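Here are my notes for your first look at this model. Have the viewer open and follow the points in order.

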Amino acid sequence: MNATYSEDDTLSALLDGELSDQSARLAILRLTGDREQQVRFSEYCVIGDLLRGHRHDIPDLTGKVMAALELEPTVLAPVRKPATRRPLLWLAAAATAAITWGLWSTAPRQESGVPLASLQASFHAPSDVTPYLAAHQDYAQAVIAAQDMHFTRVSLSGEAQ
Amino acid sequence: MSDREIDLQLVERVREGDKRAFGLLVEKYRRKVIRLLSRMVRDPDDLEDIAQETFIKAYRALPKFRGDAAFYTWLYRIAVNTAKNHLVARGKAMRTVSEYAVNDDDEPDERLVAQDINTPESELLSKQVAIAVNEAVDALPEELRQAITLREMEGMSYEEIAEYMSCPIGTVRSRIFRAREAIASKLLPILGTADNKRW
Amino acid sequence: MKAAWLLLWFAAGVQAHAQAGAPLPTAEAAAWLQKMADAAHRMAYEGVFVVQQGEAMQTLSVSNRPSGLGNESRLQAMDGSQREVRCSQTGAVTVEAFGSQVKIEKRLNRRHFPDLLPANALPLVNWYDVRLGEPARVAGLDCRNVEVLPKDNFRWGYVLCAEKDSGLPLKAVVINGSSQPLMQYTFAEIRLGAAPRLGSQPPLPEMPDAARPLDAERVSAKSLPPGFTRIAAVMRHLPNTQGEVEHWVFSDGLTHISLFLTPASKPVENFRGESARGMINLMRRQVGGFQATVLGDAPWAAVEAIALGLEPKK
C-alpha cells in the first residue's frame, strides 16, 4: 500500500452507499480487480468496525476462508438483478421466457445536438421503419438505443423534393 | 447505490466467477459474524472453525441467495445454524442468546445480544490497533472527527450529516475520506506492510 | 448526473481525428487489421465501455473469451432497461428482463464492440487505407491510434485505438468524410487475460430459428458499391410485427447495409431518411411489386446506389 496520501475518495463514498449506480458499478469493478484498493477496503472496514466497538477478530480469517475456497468449485448462478418496474410492452399471453419479439427499450431520450433545419421539410414516415432499424442492429452495433430519424420525400432519381 | 445494493453487486460478481469479490464480503462482515458467534460459542477453537464454516457455507449457498433479504441477514441465519449444528454434533451446550432477534427492518438486532467481557485477550484486535484508532480519531481536526463519527457510529447519510454540520454534501464526502485516510496511515506501522494484509 | 470523467472523454473525442501520416503499405496495413481483429475475437477480456452518439450515452459491460475456433462473448447494458447479448458457438441471443419475465430472441449476427472487424480482415485493404496515428492512453492502458479510412465515399471511417501489445481496440470512433465523429466507443475499465466462464449460464429454452432461407428471389441488386457483397438473405420476423420480411445484408467486411423487402399492397411512397448526425442513411422505394427499404451505417451515396440498383427479376 502506498503510504502516500491519495486523492481518490471514490472507495470511501462507495462504502457509505453514496455513489450513483453507474459510479458504484465501476468502483466495484475496479475494486475487485485492484489489490491496493482491496487493502484500503479492508482498512476502512477495520476502522468502521473498531469505531462501532467490534474488537473481537480472528487473525487472518479471510485468508483462511479464501484458501479453503480454492478447493471449492467456482460458484456460478443465473444472473438475477433487482427487478426494475417497467410495464410489459408485449402481449400479456407471453409466458416466462416465451419467445416474443420486441423493440429495443430505449434509455431516456437525449436531445440530438445537430439541428436538422438544413434539410427539406420533414415527412412523416410510416411506423414500420423502426423495426427495420432494430433488425439491422443484428449486423451493426448491438444494444444501442433506437435512432431518431429525419425523413424527406424523394423522386426516383434520388433528388430530395 | 445503497449498501445493500453494493452487497448484491458483490454477490453478482462472485456468481460470475470472481472469487475475490467474496473475500471483500468476508472482510466487510467478519467481525460482525465473529461477535455474533462469540455469544453462542465458548471455545475459541470452535469459534474459529464455525466462523470459517459459516463463510464457506455462505459461498456454497450463493446460487440460492435471491436478494430479497439483506445479505447480512441471510449470512446471520447461516451463522446461527452453523453454530447450532456444530455444537450439537459435538454434544456441546450453547449459550442462550436471543439468536432470533431480528427487528422489523429485517436486520439482526445486535443490541439484544449481551456485551461479553470475557473474550480472550489474544482474540481482540490487538490492543495496539484499538489504541491507535482511538488516538488517531482524537487527533483529527474537529470537523473530520465529527463527520466520521456521525457516519460510522450514528449511521447518518451524507445528506443528513451535511444538514447537521451545515456544509455541502461534497464537503462531507471529502471530510470522511480524509478522516479515514488519516486513521489508516496511523494503522500502517502497526498492521505492517501491505503484503501481510493481502488474502 | 454523469460523472466528470465521462465528460472528459467526450471532450477528448470531439477533436478532428484523421491526422496521421501516409497510408501504410498493403502488407503492413493488412497485418494491423488482422491483429486487431484477432485480439478482439480471441483474447480473454472483460470490461466496461461507453457508447456515445451526439449527446446520447450508454454504458455496457462486455466479456469475451476464446472458445473452440471462435469465441464466446456477453454484453450487458448497465443503464436503461436490463438487456444483454450473449454470443456462443451456437449463435447469439438477446435477453431482456421485465420484472420476473424474460424475453429471449435469437440474433442473426454477433457483431459488437470491440469485435467490429471481420474474422478475415485482409480484404479490407482494398477499400480502406490504414494509417498509424498517435500513441494514446485508454482505460489506463497504452494504445496506438490506427485510422481505417475509406478510399471512396461509400463508407465511413474508423479510428481504432489498439492496445500496445495485443492490438485489442480500446476505443473506436466512426467518422465521416470531414473527420467528424459520428459515434464513439471507449473502454472505461478493462481487464485483459481474464473473463468469467459464460457457458454455465442456465441453458436457454428451445427456440425456433430466427430466420429461414428464401424460397425464391424476386428482386436483384444490380449496382453494389465496390467491395460490397451480399452476406445474408433470409426470411425473418421483425420486432413487434406480424409475419415475415425478406432481409438481405450487404457488407464490405466493416460496413453493413440492410435491405428489407415486403410485398407492396398499395403504391409505395419513396422517401429517404437519415439519423441525427447522418451516420445512418435510409431509402425506401417501390421495386416491382415490392416495397424495398435500404438502410445502413454508411453514407447516403452507398444506400442510394444500392437502392436505385434494385430491379424486379423477370
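1. Read chain B from its N terminus and the elements go α-α-α-α-α-α-α-α-α. That gives nine helices and zero strands; helices here are DSSP runs of H or I with at least four residues, strands are runs of E with at least two, and both are numbered from the N terminus. This is a predicted model, where local features need pLDDT of at least 70, side-chain atom pairs count only at pLDDT 80 or more, and totals for chains, interfaces and linings use all residues. Residues are numbered from 1 along each chain as its sequence is written, while chains are lettered from A and ligands numbered from 1 in the order in which they are written.

2. How much of chain B is buried? Buried residues make up 36% of its 199 residues. To be buried, a residue needs 20 or more other C-beta atoms within 10 Å of its own; 12 or fewer makes it exposed, anything in between partly exposed, and the C-beta atoms are placed from the backbone. Among the contacts in chain B with a separation of 6 or more, 62% join residues 24 or more positions apart. Two residues are in contact if their C-beta atoms, placed from the backbone, lie within 7 Å.

3. Now zoom in on the start of chain B. Helix 1 (residues 3–15) of chain B packs against helix 2 (residues 19–40) of chain B at an angle of about 145°, with the axes 7 Å apart. Axes are lines fitted to C-alpha atoms, for helices over the stretch in contact, and angles run from 0 to 180 degrees between N-to-C directions. This crossing is left-handed, meaning that the near helix is turned anticlockwise from the far one by less than a right angle (clockwise would be right-handed). From helix 1 of chain B come D7(B), L10(B), R13(B) and V14(B), and they meet K19(B), A21(B), F22(B), L24(B) and L25(B) of helix 2 of chain B. Sorted by type, the residues of this contact are six nonpolar, no polar and three charged. Ala, Val, Leu, Ile, Met, Phe, Trp, Tyr, Cys and Pro count as nonpolar, Asp, Glu, Lys and Arg as charged, and the others, Gly among them, as polar.

4. Helix 1 of chain B also packs against helix 2 (residues 21–33) of chain A, at an angle of about 50° and with the axes 11 Å apart. These two helices are therefore oblique to each other: under 35 degrees would be roughly parallel, over 145 roughly antiparallel, 65 to 115 roughly perpendicular, and the rest is oblique. Their crossing is right-handed. Look for A24(A), R25(A), I28(A) and T32(A) on one side, and I6(B), Q9(B), L10(B) and R13(B) on the other. The mix is four nonpolar, two polar and two charged.

5. Step back to the whole meeting of chains A and B. The contact takes 52 residues from chain A and 62 residues from chain B. On the chain A side, helix 1 (10–15), helix 2, helix 3 and helix 4 (61–69) each give two or more residues. Which element gives the largest share of that side? Helix 3 of chain A does, with 13 residues. The chain A side divides into 26 nonpolar, 12 polar and 14 charged.

6. Helix 3 of chain A deserves a check of its own. It runs over residues 35–51, and its 17 residues should span 24 Å at 1.5 Å a residue; the end C-alpha atoms are 25 Å apart, which agrees. (The expected span is 1.5 Å times one less than the number of residues.) In this helix 12 of the 17 residues are buried, including F41(A), Y44(A) and I47(A). Just after the helix, G53(A) takes a positive phi of about 90°.

7. For chain A overall, count five helices and one strand, in the order α-α-α-α-α-β. Of its 161 residues, 36% count as buried.

8. Chain C has three helices and 20 strands, and 49% of its 314 residues count as buried. Try finding Q184(C) in strand 11 (residues 181–192) of chain C. Why does Q184(C) count as buried? Because it has 24 C-beta neighbours inside 10 Å. Q184(C) and V51(C) are 133 residues apart in sequence, yet their C-alpha atoms are 5.7 Å apart in space.
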